[in-house]
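Trainee: I'd like to learn how to read a ligand site and a small sheet. Can you walk me through it?

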Amino acid sequence: MATTAQLKLDDKEYVLPVMVGTEGEKAIDTRKLRAETGYIAYDQGYGNTGSCESAITYLDGDNGILRHRGYPIEQLAQNSNFGETAYLIIYGELPNAAQRKAFGDLLRQHAAIEPQMQAIFQGYPKDAPPMAMLSSIVASLAAHNPHLATNDFEKDLKNFDLAAAMAISKIRTIGAMIYRYQHGLPYIPPKDIPFCDNFLHMMFSEVYKDYVAAPEISKAINTLLLLHADHEQNCSTSTVRMVGSSAANLFTSLSAGICALSGPLHGGANTAVMHMLQSIHDEHDDGTRFIAAAKSGGKSNRLMGFGHPVYRNFDPRAKIIGKACEDVLNKLGINDPLLAIARNLEQAALKDDYFISRKLYPNVDFYSGIIMRALGIPVNMFTVIFAIGRSPGWIANWREVAANPKGRIYRPRQIYSGPVKRDYLPMAQRG
Ligand code: ACO
């Protein structure tokens, strides 16, 4: 394997170092390119740029492989749960019994939202977009816990265990509170029960009657959160790293990640999938018209839940979630016509040359919405659930940035394409 790369520019030759990851991923190190040649590497949207070295998640999009800290996602989905996988992603190893208990205790101790923070909710309209509420309330964790959010890497890392557990636990509680606020329901405080059961309790309990999740519902939400726990350098995770690279504290960086996740091409896709399936259902179409429109090109016509910036194969999470979706619907005795439409769309697209030639397969969002709908979670909360699930990955990535002694602030360059220098025009001379 090459250890260096040669670059010829204007008859001069330059030697660029080559880097190789533990799974054999190769990169040409262009860090000194501009200093040595005057050129920058151009890569719009960073699709072919390694912005960091990371030991958290390995993703091979061509072969549909996803591993956290070396463990295949299929094994984690089968044997682990969200809390344990969160620990693995953040700390690098599966916890032993004592570590798992200590982490679980921290999550439980910091699940509640203090009265002063509860008051923040009243400032929002009842129909405010949930992700806008989530990002701003998570940012306010920094205001309410300034000792954990000093914007000094060294100090913030000393308190990292507490801040991390608080972030995971409270993002979940804030998510449940957003749902209740929008439905005019009072805050239900957390109980001393497992993480996902507690989430369902805070979402669905009545004031005088606790909601106790059926085991299959608890398992479904666990699987859903676990499958979203990290996904390498996606838009929101890179945003967390970018914001964190300025030494911004964990909570502020997470808030930025939530904003990035809110867009329909990223975390909002699960919502868009449900709108798409519902409109196919309402129009009594079998999906043929949607597929034809998707093939005509244009971003607004895309088959939502299909395609992925890095997978050119089945998203391994989509396989697990497609199966989990069928299991939970069967166990709950729900016959959702949207599942049948989704299956038809999938079959039709997988046989269609347009999708085959572009290597467009279902992604994790294609079936996750149907599960959430079966659990009674409204569509406008779907991306919030995604954010709860993704919090361990964001936290682990923030920590890598904060703990890297050689780290530098993220600051890409650009190719300027605007007007060249010109002189200021007085108003009278403007057209
Ligand atoms: N439906 C129809 N055509 C599509 C779709 C789709 N869902 N996705 C991509 N294409 C087409 C593009 O139009 C393009 O066609 P062309 O070569 O004729 O111009 C080709 O496939 C390649 O598309 P890109 O835009 O290069 O794919 P990219 O990797 O940039 O986009 C993305 C990935 C944004 C996920 C895209 O596939 C998409 O919009 N999918 C629907 C939204 C969705 O499900 N997003 C969730 C993804 S998971 C996450 O969180 C990022």
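Mentor: Sure. Start with the idea of a polar contact: a pair of N or O atoms within 3.5 Å. Keep in mind that this is a predicted model.

Trainee: Then how far is a backbone N or O atom of L303 from a nitrogen atom of the ligand?

Mentor: That distance is 2.8 Å. F306 also brings in a backbone N or O atom, 2.9 Å from a ligand nitrogen. With Y354 you look at the side chain instead: one of its polar atoms sits 2.8 Å from a nitrogen atom of the ligand.

Trainee: And how much of the ligand does the protein bury?

Mentor: On its own the ligand exposes 910 Å², and 73% of that is buried by the protein.

Trainee: Which residues are closest to the ligand?

Mentor: For the shell, count residues with a heavy atom within 4 Å. Here 18 residues surround the ligand, and the closest are H266, R302, L303, G305 and Y354. By class, the shell splits into nine nonpolar, five polar and four charged residues.

Trainee: Now the sheet. In what order do the three strands run?

Mentor: The order is 4-5-6, in an open sheet with antiparallel pairing. Strand 4 (57–60) and strand 6 (71–72) each have a single partner strand, so they stand at the edges, with one side lacking a neighbour in the sheet.

Trainee: How many bridges join strand 4 and strand 5?

Mentor: Four bridges, in the antiparallel sense, with strand 5 spanning residues 65–68. For a specific pair, take Y58: its bridge partner in strand 5 is R67.

Conventions: Residues are numbered from 1 along each chain as its sequence is written. This is a predicted model: local features need pLDDT of at least 70, side-chain atom pairs count only at pLDDT 80 or more; totals for chains, interfaces and linings use all residues. Side-chain values use heavy atoms; hydrogens and water are left out. A polar contact is a pair of N or O atoms within 3.5 Å; within protein, one must be able to donate a hydrogen and the other to accept it, and residues adjacent in sequence count only if both atoms are side-chain atoms. Accessible areas come from the Shrake-Rupley method with a 1.4 Å probe; for residues, only the protein chains shown count as cover. Ala, Val, Leu, Ile, Met, Phe, Trp, Tyr, Cys and Pro count as nonpolar, Asp, Glu, Lys and Arg as charged, and the others, Gly among them, as polar. Two strands pair if DSSP finds at least two bridges between them. Helices (H or I, at least four residues) and strands (E, at least two) are DSSP runs, numbered from the N terminus.
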